[in-house]
Amino acid sequence: MNEMARSASMTGWRVRRPGPIDGGPLDQVREPVPEPASDELLIRVLACGVCRTDLHVAEGDLPVHRAGVVPGHEVVGEVVAVGSAVGATGTDDRFAETFAVGDRVGIAWLRGTCGACKYCLRGSENLCPRSVYTGWDADGGYAEFATVPAAYALRLPEGYTDAETAPLLCAGIIGYRSLQRAQLPPGGRLGVYGFGGSAHIAAQVALARGAEVHVMTRDPAAQELALELGAASAQGAADPPPVQLDSAILFAPVGTLVLPALEALDRGGILAIAGIHLSDIPALNYQRHLFQEREIRSVTANTRTDAREFLALAGEHRIEVTTRGYSLGMADQALADLAHGRFTGAAVLVP
Ligand SMILES: [Zn+2]
Ligand SMILES: [Zn+2]
């Protein structure tokens with residue numbers, strides 16, 4: 001491996017005391033640069049997005065999987081060392097890509113699946129019960145260097161800065177999978193409920209594919225942004241859109257919005273629910289909310305195919321991403337600002 005990296009130490013952040021962010025659950029550490037395993041790449045981190053899931057890890061909302069983990073799963077970096085077995089064929093031949101020192105790659109949330117269970121075998125690796133995740137089961141990108149299994153490293157689109165690329169790796173990929181799950185017909189009418197990071201990227205993908213997009217959000221600034229990006233209409237969170245929808249995606253973690261979203265669907269319409277968490281859904285009325293073959297679907301993580309398709313699309317169609325930069329040394333502040341809603345756009349750590 002690269003001699004410079006081997007001899008160096010690095011700074012990073014570890015979640016030492018999971019709990020409220022204002023209590024300081026993370027410690028800044030100075031430690032040796034990690035060694036990549038034979039199937040891994042070592043990358044120098046150029047930017048790492050700050051996702052709400054990192055906050056769930058720091059605050060202990062998610063159970064501890066790796067004690068003292070380095071958070072961060074929207075990692076843009078440059079390969080500085082390649083494990084000896086990378087590129088060799090094995091059980092995961094579809095993804096046995098070759099990487100070289102100097103390549104620009106991304107590390108996302110999904111970093112391992114078993115490859116052998118019925119879900120993996122049918123192309124639904126997002127449902128693998130043995131899946132593992134960056135910044136939860138393994139150290140992530142709140143550090144100067146990070147490792148990733150080469151089979152889960154992602155090639156990145158051109159035309160974006162490192163900071164702009166980082167939010168594409170979680171918000172972007174999940175928004176894309178949600179759009180796929182909503183099965184919008186070509187040229188169809190899409191309803192978007194809630195308009196944060198993931199939603200505003202998914203809306204831009206839908207618009208690039210010729211959809212008519214209607215946005216429902218309580219935030220006037222988000223309504224304005226939706227119209228600027230090309231939405232046909234923007235209104236309050238539970239307001240009926242001006243037309244019946246072919247598909248809808250619920251990004252806001254608000255179960256009560258399932259009812260107006262289903263009511264807004266045309267016959268055969270699909271509502272995809274994007275979040276990991278959703279408050280309780282009130283009782284449904286079969287005739288008003290479901291009859292005429294309307295459907296509700298959940299969205300669980302993503303497959304590597306979703307990630308590759310989305311990043312290819314982002315290379316073809318310019319997606320506007322609003323970022324707020326923090327130095328790596330300010331990671332705890334970035335998480336606190338996220339918790340308290342002190343900025344708009346996506347926070348990104350840059351070394
Ligand atoms: Zn599996
Ligand atoms: Zn995330």
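What geometry does the site of the zinc ion (ligand 1) have, given the angles among its four donor atoms? In this predicted model, the site is tetrahedral, the angles among the four donor atoms spanning 105 to 117°. The protein donors of the zinc ion are the SG atoms of Cys114, Cys117, Cys120 and Cys128, which lie 2.3 to 2.4 Å from the metal. Along the chain, these donors follow the spacing C-x2-C-x2-C-x7-C. Two of the donor residues can be described further in terms of solvent accessibility: Cys120 is buried, with a relative accessible area of 8%, whereas Cys114, at 24% relative accessibility, counts as partly exposed, because buried residues are those under 20%.

Attention then turns to the backbone, where two glutamine residues carry positive phi values. Most residues other than glycine have a negative phi. Gln183, which is not a glycine, nevertheless has a positive phi near 45°, and this residue is placed in the loop that runs between helix H5 (171-182) and strand E10 (189-193). The relative accessibility of Gln183 is 47%, so that this residue counts as partly exposed.

A positive phi is also found at Gln292, likewise a residue other than glycine, with a value of about 70°. Gln292 lies in the loop between helix H9 (286-290) and strand E15 (295-298), and, with a relative accessibility of 33%, Gln292 counts as partly exposed.

Conventions: Residues are numbered from 1 along each chain as its sequence is written. Chains are lettered from A and ligands numbered from 1 in the order in which they are written. This is a predicted model: local features need pLDDT of at least 70, side-chain atom pairs count only at pLDDT 80 or more; totals for chains, interfaces and linings use all residues. Side-chain values use heavy atoms; hydrogens and water are left out. Helices (H or I, at least four residues) and strands (E, at least two) are DSSP runs, numbered from the N terminus. Buried means under 20% relative accessible area, exposed over 50%, partly exposed in between (1.4 Å probe, protein chains only). Donors are N, O and S atoms within 2.8 Å of the metal (3.2 Å for Na, K and Ca); water is not among the atoms, so sites may look incomplete. Four donors count as tetrahedral if all angles lie between 85 and 135 degrees; four count as square planar and six as octahedral if opposite donors are over 155 degrees apart and all others between 65 and 115; anything else is irregular.
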